[in-house]
Amino acid sequence: MKKTTLHTLHSLKDKGEAFTVLTAYDATFARLLDQCGVDAILVGDSLGMVIQGHNTTVPVAMEDCIYHVECVARATQSALIIADMPYMSYATPEQTFHNAAALMQAGANMVKVEGGEWLMESIEGLVQRGIPVCAHLGLTPQSVDALGGFKVQGRDEEGATKILNDALALEKAGASLLVLECVPAELAQQITTALSIPTIGIGAGSDCDAQVLVLQDMLGLNTQFTPKFVKNFMQQAGGSVQDAIDLYIKEVKERSFPAAEHTFE
């Protein structure tokens, strides 16, 4: 199986072809996603909620992320592996370099950080040291307490302008990908057009260059709460996990997911 690289994903953006991202935290699901042809796997700090049972991602430690990256990397041949840097693991450039190196040594192909312009120095330093970076704007779950909960971001003019300016700054600093979470579809489209790097949407409309969902959410396994941007693909696929993943890939690539009911205005 040919390895997906950042060059692969950038080429897909240039051609106007959407690509797919799903989370995985273990070898079994990682192998299945890889075999189904998911372009990138995110080992997200969402593991704190999905695997560990916490209410937020804040309790997740570096050791947790390293362990789960190792599990996923052992089973992945083709998909690009993106590793979340957990809460307060990148507060300073020096801390960022140390922790990012540990995730790369565990098997990640790039690291993901949440935040805006304040991250520019750390991103520049990572890129200079050969570590690719995926940035994350909009609803940033590690800042849920400061944001006042899991709320849509960028709905007013001031908020939208800040997210756009942050996106441009992060691209300038050297970020190779950008996740946009829970922002109005119109703003996500504007950012996607303004950037040369691919955007990955989650609750950000179908005009992003890619989509990402938490695997357990799109399989309908989270029975406590279903966010607006989630679709139960396994229910539509008749109860087959593999068919659900195949359907997700198909709908993302043809841009029928997310539909209007999964997006914010």
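# A guided reading of the protein chain

K151 is situated in the loop that connects α7 (144-147) with α8. The structure examined here is a predicted model. At a relative accessibility of 46%, K151 counts as partly exposed, because that value falls between the 20% that bounds the buried class and the 50% above which a residue is exposed. The C-alpha atom of K151 is separated by 35 Å from that of R129, although the two residues are 22 positions apart along the chain.

The helix on one side of this loop, α7, contains D145. With a relative accessibility of 68%, D145 counts as exposed, because the value is over 50%. D145 and P93 stand 52 residues apart in sequence, and their C-alpha atoms are 23 Å apart in space.

From these residues the view may be widened to the whole chain. The protein chain holds 12 helices and eight strands. Its radius of gyration is 17 Å, which is close to the 18 Å given by the globule rule for 265 residues, and therefore the chain is as compact as a globular protein of that length. Taken along the principal axes, the box filled by the C-alpha atoms is roughly 50 × 40 × 40 Å.

Burial and contacts add to this general picture. Of the 265 residues, 57% count as buried. Among contacts in the protein chain with a separation of 6 or more, 64% are made by residues 24 or more positions apart. The chain exposes about 11,400 Å², and carbon and sulfur atoms supply 49% of that area. As for charge, there are 17 positive and 32 negative charges, and the mean positions of these two groups lie 5 Å apart.

The interior can be approached through the largest nonpolar core. This core has 93 residues, and the members that touch the most others are L178 and L213. Helix α8, which spans residues 157-173, provides the largest share of the core, with seven residues. The surroundings of L213 can be described in detail. When neighbours within four places in sequence are left aside, L213 is in contact with V21, L22 and T23, with I202 and M218, with F229, V230 and F233, and with Y248 and F257.

One of these contacts, F257, leads to a feature of the backbone. F257 is joined to P258 by a cis peptide bond, with omega at about 0°. P258 belongs to the segment that follows α12 (241-253). R255 is likewise placed in the segment after α12. The phi angle of R255 is near 65°, a positive value in a residue that is not glycine. At 30% relative accessibility, R255 counts as partly exposed, because 30% lies between the limits of 20% and 50%.

A positive phi is also found at M88, where the angle is near 60° in a residue other than glycine. M88 occupies the loop between β3 (80-84) and α5 (93-106).

Another loop brings the account back to the region around α8. E117 is found between β4 (110-114) and α6 (120-128), in the loop that links them. Where does E117 find its contacts, once residues up to four places away in sequence are not counted? E117 touches D166 and A169. The C-alpha atoms of E117 and L168 are separated by 8.9 Å, while the two residues are 51 positions apart along the chain.

The final stop is helix α1, which covers residues 6-14 and includes H7. Is H7 buried or exposed? Its relative accessibility is 65%, and H7 therefore counts as exposed, the value being over 50%. H7 and G159 are 152 residues apart in sequence, and their C-alpha atoms lie 31 Å apart in space.

How values were computed. Residues are numbered from 1 along each chain as its sequence is written. This is a predicted model: local features need pLDDT of at least 70, side-chain atom pairs count only at pLDDT 80 or more; totals for chains, interfaces and linings use all residues. Side-chain values use heavy atoms; hydrogens and water are left out. Helices (H or I, at least four residues) and strands (E, at least two) are DSSP runs, numbered from the N terminus. The radius of gyration is taken over C-alpha atoms; the globule rule is 2.2 Å times the number of residues to the power 0.38. Buried means under 20% relative accessible area, exposed over 50%, partly exposed in between (1.4 Å probe, protein chains only). Contact means heavy atoms within 4.5 Å. Accessible areas come from the Shrake-Rupley method with a 1.4 Å probe; for residues, only the protein chains shown count as cover. Lys and Arg count as positive and Asp and Glu as negative; His and the chain ends are not counted. The place of a charge is taken as NZ of Lys, CZ of Arg, CG of Asp or CD of Glu. A nonpolar core is a set of buried Ala, Val, Leu, Ile, Met, Phe, Trp, Tyr and Cys residues joined through side-chain atoms within 4.5 Å.
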